[in-house]
Amino acid sequence: MVTNVYENHSNFSNTCIILNVTTTNGIWPSKNPLFEPIPLLIVQLAFIITITRSLYFILRPLRQPRLVTDILGGLLLGPSFFGRKAYFSKLFPVRSVTTLETVAYMALDLYIFLIGLEMDVNSIKSSAKRELNIAAAGALIPMGVGAGLFFLTARLLHLPTDPSGCLFWGLTLTVTGFPAVTWILGELKLLQTDIGRLATSIAMISDVCSWILVAVVLPIRSSPENAPAAIISTIAFSLTCIYAVRPGLEWLIRRTSKGNNNAYSDSYLCFFLIGVVICSFVTEVTGTFSIVGAFVFGIIMPDRDLGALLFERFADFVSGIMLPLFFAMCGIRTNVHKVHNWFLAGFVIILTCFCKILGTLLVSHSYHMPLQDRLALGVLMNTKGILAVVVLNLGWDKKVLHDQEYAVMVIAIVIMTGGVAPIISTMYRSSTRIIKYKGRSIQRAKQGAELRILACVHGVGNVLGTINLLELSNATKESPLCIFALHLVELRGSASAVLIVHTSSKNSAYKRVGSSPSDRIVNIFEAFENRSTGISVHPLTAMSPFITMHEDVCNLAEDKHIAFMILPFHNQAGNSNGDTTGSSPFREVNKNILANAPCSVGIFVDKGQGKSDNGRMQHVVMVFIGGPDDREALALAWRMSANPSVQLTVLRLHSRYNNNVKEEDIRYSKCIDGRQSQVDAEFVNEFRLQTAGEHNVNYYEKVVNNREETTGALREMELQKVGLYIVGREVMASAATADLLGWSECPEIGAIGDLLVYSDFIRASVLVVQHYPGDDGEVGAVSMRRSNHGLLFVDD
């Protein structure tokens with residue numbers, strides 16, 4: 001038997017309740033099993049999850065985060081709505097509040113730990129002055145406005161005032177929910193854009209600063225005389241975690257896991273959950289709050305793979321099942337009927353919604369950002385997270401905030417956070433992001449402008465082959481290459497994708513010495529940049545689930561005005577370094593990118609033959625049959641021919657069109673009419689005219705009428721020690737290609753590409769090119785001329 005005393009903050013007097021933890025005889029003695037805590041908790045939990053999940057799916061078209069739907073679910077369960085009914089008071093009696101709060105705050109600690117796992121605090125060190133200033137303005141201005149509104153509201157409503165209440169209002173308005181911001185940006189496909197990365201960086205800085213303020217403010221409010229000791233002990237705890245616990249965890253992971261996620265046993269993971277409990281206990285007894293310890297322990301997690309695994313194992317259970325209890329408690333505490341002056345409440349809500357937007361607008365204006373981006377940034381910074389709700393509840397628990405103040409702020413949080421996704425979606429509709437630039441293909445690259453290439457790699461095994469391909473692309477000071485090297489990493493368990501921008505070690509005080517695949521990839525690309533002329537490299541890492549990885553890649557390509565994208569083939573020949581590039585998920589990623597890319601794309605099949613050694617000329621063969629993809633492939637080969645170390649051979653295959661070829665056998669053909677043949681002829685003639693007399697450029701034509709003759713023509717080329725084949729993905733229908741389609745193992749690389757990749761006699765690497773569908777690819781729109789440094793394309 002347990003005696004439980006609960007004192008309600010409102011009008012309830014002290015109530016002594018004697019109860020059992022659970023019932024042992026069921027319903028047979030004609031007793032109500034809901035009178036006992038455990039059966040009642042199970043029913044309450046099921047009811048809460050049903051309500052919140054239903055609201056989530058109902059509001060899913062509006063892209064509302066779980067924070068909003070969970071708070072709304074709590075409001076429905078509370079005295080504001082259904083809680084006024086008699087049967088709801090039986091479902092949520094006063095005696096059950098202690099049990100609900102205990103479980104809810106335990107779930108809160110675990111959830112805050114998961115938030116810490118998602119944060120990469122090291123990225124704050126590399127944040128620019130702009131991000132720091134905007135985050136500071138977004139914290140100071142709302143803090144002042146919140147404090148002023150607290151005193152104004154208390155005076156107008158004639159409420160007894162505790163001056164420390166202004167701290168809770170100010171903190172609530174200061175907080176920006178980093179997880180909610182990244183979730184909304186991910187839902188709107190804006191996470192990899194410039195505004196998305198800026199908002200993510202500022203939100204992370206703001207969130208970390210908010211945690212620091214919470215760790216300072218709470219001890220001051222709880223016990224002013226003991227506040228210095230509480231703050232100093234919290235600082236000592238944080239430093240101990242950073243400089244003692246984190247190295248100890250690194251040592252433990254190295255000794256036990258050996259870099260293999262499968263080595264993380266259940267007992268191994270439980271060890272880290274025990275760590276969450278211990279850290280929460282330490283900060284609770286030192287006078288701060290348990291969530292601070294859980295957050296610090298999540299931040300110091302040294303292994304990203306382990307963090308992703310912990311998130312994957314526990315996120316759904318904690319955030320989807322246990323955490324709604326916390327929001328249900330918020331709803332039970334919120335009573336909108338206690339708000340008597342809705343005019344004043346509406347005025348306060350409007351001010352709270354706009355104070356952070358105005359603060360962000362004022363500071364971002366000095367950085368000459370477009371008005372649309374400034375407004376969007378202000379709206380995004382207005383997104384509230386669970387920390388804002390926690391601060392409000394702490395103010396209510398400490399009897400600093402009254403029922404009216406608490407209800408108004410809860411409503412303000414719902415309005416501020418709920419309005420972010422619809423507003424940003426309206427501001428950045430897909431129709432307003434149509435064709436911001438024309439150079440989405442190699443053919444349309446402007447004279448004197450750098451050619452922007454997005455080079456994707458799956459692992460270290462892709463890097464050298466990709467670099468060898470880039471070396472052939474003739475980068476000069478007059479015709480430079482801007483390369484965005486993107487490492488694609490599967491993200492498991494996290495709710496939103498992450499883009500990591502790696503700072504160059506040339507501009508920093510330290511040399512990158514990490515042993516992770518991303519660090520090695522960055523080092524190799526930086527070494528390539530250092531030894532090359534006319535090449536700038538920007539290394540990035542994209543961590544996304546396979547199912548949405550293509551969206552993040554395409555958004556990045558559009559945002560960076562990429563003209564050509566290089567993708568590794570999903571099954572690299574001769575790959576023996578242990579990378580998972582042969583896994584089928586990457587094949588689906590490639591197919592999805594080909595279908596949605598905002599630029600031309602090349603799938604690179606690296607067989608280790610695409611490198612020029614000791615000054616020896618590299619033989620590149622471009623197989624031309626016809627069609628927009630072939631013209632784009634020829635444009636790339638034409639650019640390579642300006643490289644002194646490249647020997648280019650263009651092999652044009654002719655065939656008489658066979659009327660007996662079935663339509664389904666040429667389903668991959670884009671164009672069959674004579675107009676495309678005329679454009680092909682003009683493009684090839686222009687190429688031959690401009691390259692006449694070039695000793696390193698050869699042009700051949702050959703008539704082939706079936707698969708055997710096409711294979712024979714390619715076999716003859718192979719006798720010349722070819723290092724790289726360049727072909728178009730989809731070619732014009734002809735007798736030479738129609739019967740190849742039935743033999744294709746990978747339709748995404750086209751008929752000719754499939755023949756080259758899977759033929760035993762072909763040892764050279766293969767680049768399969770698809771032109772940007774938004775570009776008509778017609779040579780009439782582009783005039784071409786050759787300079788002394790390479791091929792220049794002028795957009796008329």
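In which sense do strand β12 and strand β13 pair, and over how many bridges? In this predicted model, strand β12 (residues 724–728) and strand β13 (residues 765–770) pair in the parallel sense, and 5 bridges link them. The legends below begin with the whole protein and then turn to individual elements.

**Figure 1. Overview of the predicted model.** The protein has 796 residues, of which buried residues make up 56%. Its secondary structure amounts to 28 helices and 15 strands. When contacts between residues at least 6 apart in sequence are considered, 80% of them join residues at least 24 apart.

**Figure 2. The open sheet of 11 strands.** The strands follow the order β5-β6-β4-β3-β7-β8-β13-β12-β9-β10-β11, with mixed pairing. Strands β5 (498–501) and β11 (697–703) occupy the edges; each has a single partner strand, so one side of each lacks a neighbour in the sheet. On average, and with direction ignored, neighbouring strands of this sheet are turned by 20° against each other. Within the order, β13 is followed by β12, and the parallel pairing of these two strands includes a bridge between L724 and its partner S765 in β13.

**Figure 3. Strand β6 and its two partners, β4 and β5.** Strand β6 comprises residues 535–544 and is mostly covered, with 8 of its 10 residues buried. Strands β4 and β6 run parallel and are joined by 10 bridges; L486 has L540 of β6 as its bridge partner. Strands β5 and β6, by contrast, run antiparallel and are joined by 4 bridges. In that pairing, I500 stands opposite T541 in β6.

**Figure 4. V498 in the edge strand β5.** V498 lies in β5. Is V498 buried or partly exposed? V498 has a relative accessible area of 29%, which makes this residue partly exposed. Although V498 and A542 are 44 residues apart along the chain, their C-alpha atoms are separated by 5.9 Å. With residues up to four places away in sequence not counted, V498 touches L191, Q192, L491, T541, A542 and M543. One of these residues, T541, is also the residue of β6 that stands opposite I500.

**Figure 5. Helices α20 and α21 across the strands.** Helix α20 (residues 463–471) lies across six strands, namely β3 (451–457), β4 (481–490), β7 (564–568), β8 (600–605), β12 and β13. Its direction is at about 160° to β3. Helix α21 (residues 517–530) lies across β3, β4 and β6, and runs at about 165° to β6. Strands β3 and β4 are thus crossed by α20 and also by α21.

**Figure 6. P480 in the loop between α20 and β4.** P480 is buried because its relative accessible area is 19%, under the 20% cut-off. P480 and E450 are 30 residues apart in sequence, yet their C-alpha atoms are 4.8 Å apart in space. If its neighbours within four places in sequence are left aside, P480 is in contact with E450, L451, G534 and R639.

**Figure 7. K560 in the loop between α22 and β7.** Helix α22 spans 549–559. K560 has a relative accessible area of 18% and is therefore buried. Apart from its neighbours within four places in sequence, K560 has contacts with D194, R197, R452 and F484.

**Figure 8. Helix α15 and the bend at F354.** Helix α15 (residues 342–365) consists of 24 residues, and the distance from its first C-alpha to its last is 34 Å, close to the 34 Å expected at 1.5 Å a residue. The helix bends by about 30° at F354. At the start of α15, the backbone nitrogen of F343 has a side-chain oxygen of N341 within 3.3 Å.

**Figure 9. The largely enclosed helix α2.** What span should the 12 residues of helix α2 (residues 66–77) have at 1.5 Å a residue? The expected span is 16 Å, and the end C-alpha atoms of α2 are 16 Å apart, which agrees. Because 9 of its 12 residues are buried, α2 is largely enclosed by the rest of the structure. The buried residues of α2 are L67, V68, T69, D70, I71, G73, G74, L75 and L77.

Technical notes: Residues numbered from 1 in each chain as written. Predicted model: local features only at pLDDT ≥ 70, side-chain atom pairs only at ≥ 80, totals over all residues. Heavy atoms only, no water. Pairing = 2+ DSSP bridges. Axes fitted to C-alpha atoms, helices over the stretch in contact; angles between N-to-C directions. Contact = heavy atoms within 4.5 Å. Buried < 20%, exposed > 50% of the residue type's maximum accessible area, 1.4 Å probe, protein only. Expected span 1.5 Å × (residues − 1). Bend = angle between axes of the 7 residues up to and from the residue. Polar contact = N/O pair within 3.5 Å; in protein donor to acceptor, adjacent residues only side chain to side chain.
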